[in-house]
Each structure stands twice: as structure tokens, then as C-alpha cells.
Amino acid sequence: MKLKFILPLFFLGALYACDKTSSSVSPAPSADTDSAKVLTGKIAFVNNDTLVNNYKLFKELSAKLEAKSEKVGKELDRKSRSLQTRAAQFNEKITKGLVTRAQAEEQGAKLQSEQQYLLEYRDKVLGELEEEQAVMFNNIWNNITEYLVEYNQTHHYDLILNQNSATNTVLVGNPSMDITKEVVEALNKKFDEDKAAGNLDDLLGISKPAKKK
């Protein structure tokens, strides 16, 4: 039994800048209020497919999950083949009359029990992999959105849209408004810094050396 590990690449939703505007009509900004902000109409967009495919965090996490998926697939395949082999050998003994009816019933019930256990185990591990994949996507999304808030503190976009091949918010856009490459480079730079500092050890499953007593 070979598992196919498929990572959806278009899981990201719309990316908004840190200063969101309300859908309702807002009062005009007051000149004597420091917190009042005037919209500039400054808009940018990122291509989610390119962003995710080139994000180092996604590459590392997906590689780890895919390796685990392949390991689980091989384990299930090995157990399934073993069960099939023993079932075939058992049926051959029955055909040749090498076992009593009582032995056949006992062994048949045992094989059926093993088959049921294997099916339940398969569902369990596949469910765990699916859950881990969902958590991985959540972590990637969380890192991207948190960074975009930080990024926009210096770039001051009123709106950052997403573009991808699944749900394309941007139908036509000026190439100069595409900040995908810039965001990818900045995200990966931050990833390298955080990884070197050990800030991503838990997320990446990196074991920390035991402290010497």
C-alpha cells in the first residue's frame, strides 16, 4: 500500500495589510486626532503560489511531513503484505485438508481480527497525518500574516491582496504592485535568522542539546 502525500499549495486566503478599512462608511478623519489616518490608495499584491513554494519554512515542514507519510505508507504496506501472505498460506492448508474445522475457524477468526485492527490502525495514522498537515498550514499562515503586519509598518500599504491560480482576487495588476519576490526574500531572511537563534526549534522538531550539569 503506497500512500500519496499531496500538499495543497493554494491554501492561503486573502492577505490584508495591518490597517484594515471598515466596510461601513466611516467618519472623516479629524485634524486634531493623532490616531486619525488618511487612506493613500496604496495597494500591493502577492502571488500565493510563488510565495509558499519558495518559503523555506514550508519547504522544511512539508519535507518532514512527506518523509513521515512515506514511512507510514511503507509500514502499512509491509503489514498488509504479511497478512495477505499468511491468509494465502492458511487457505492453502484448508484446501489440502491439513487443519481441522475447529483449527480453521479459530485461525480464520484470528486473521479477520488482525485485518480489522490493521484497517483501524490505518485510519488512525492517516487521520494523524491529516491533522499534522492542517497544523503545518496554520503555522505557515500564522508566520506569513504576522510578518506582513511587521512588513507593512514600514511600507504603509492600505491593502495587500492575494493572487493565485485557484481563487484569484487580482484579475489584472500592474507588475510594479507585485511585492511577492520582496516578501519571499524578507520572509526567508527572517526564517534563517530565527532558525539560527533557535526560535523555530519546536516548530521544526529540532532537539535541543541537554544542558550539562
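Buried residues, meaning those under 20% relative accessible area with a 1.4 Å probe and protein chains only, make up 30% of the 213 residues in the chain. The model is a predicted one, so to speak of local features takes a pLDDT of at least 70 and side-chain atom pairs count only at pLDDT 80 or more, while totals for chains, interfaces and linings use all residues. Residues are numbered from 1 along each chain as its sequence is written, and side-chain values use heavy atoms, with hydrogens and water left out.

On the surface side, the accessible area of the chain comes to about 14,700 Å² (Shrake-Rupley method, 1.4 Å probe), and carbon and sulfur atoms hold 52% of that. As for secondary structure, there are five helices and two strands, taken as DSSP runs (H or I, at least four residues, for helices; E, at least two, for strands) and numbered from the N terminus. Along the sequence they come in the order β-α-α-α-β-α-α. Contacts here are heavy atoms within 4.5 Å; of those between residues at least 6 apart in sequence, 85% join residues at least 24 apart.

Next comes the core. In soluble globular proteins, nonpolar side chains tend to be buried together. The largest nonpolar core (a set of buried Ala, Val, Leu, Ile, Met, Phe, Trp, Tyr and Cys residues joined through side-chain atoms within 4.5 Å) has 36 residues, and Ile140, Ile179 and Val183 touch the most other members. Two or more residues apiece come from strand 1 (43-47), helix 1 (48-53), helix 2 (56-95), helix 3 (101-155) and helix 4 (180-196). Helix 3 is the top contributor, giving 13 residues. Setting aside neighbours within four places in sequence, Ile179 is in contact with Ala44, Phe45 and Val46, and also with Tyr151, Tyr157 and Ile160.

Helix 2 and helix 4 also pack against each other, at an angle of about 60 degrees and with axes 8 Å apart; the axes are lines fitted to C-alpha atoms over the stretch in contact, and angles run from 0 to 180 degrees between N-to-C directions. That makes the pair oblique, the label for whatever is left once angles under 35 degrees (roughly parallel), over 145 (roughly antiparallel) and 65 to 115 (roughly perpendicular) are taken out. Lys56, Leu57 and Glu60 in helix 2 meet Asn188, Phe191, Asp192 and Lys195 in helix 4. Further along, Asp194 sits in helix 4 and counts as buried because its relative accessibility is 17%. Beyond residues up to four places away in sequence, Asp194 touches Asn199 and Leu200.

Notes
Buried means under 20% relative accessible area, exposed over 50%, partly exposed in between (1.4 Å probe, protein chains only).
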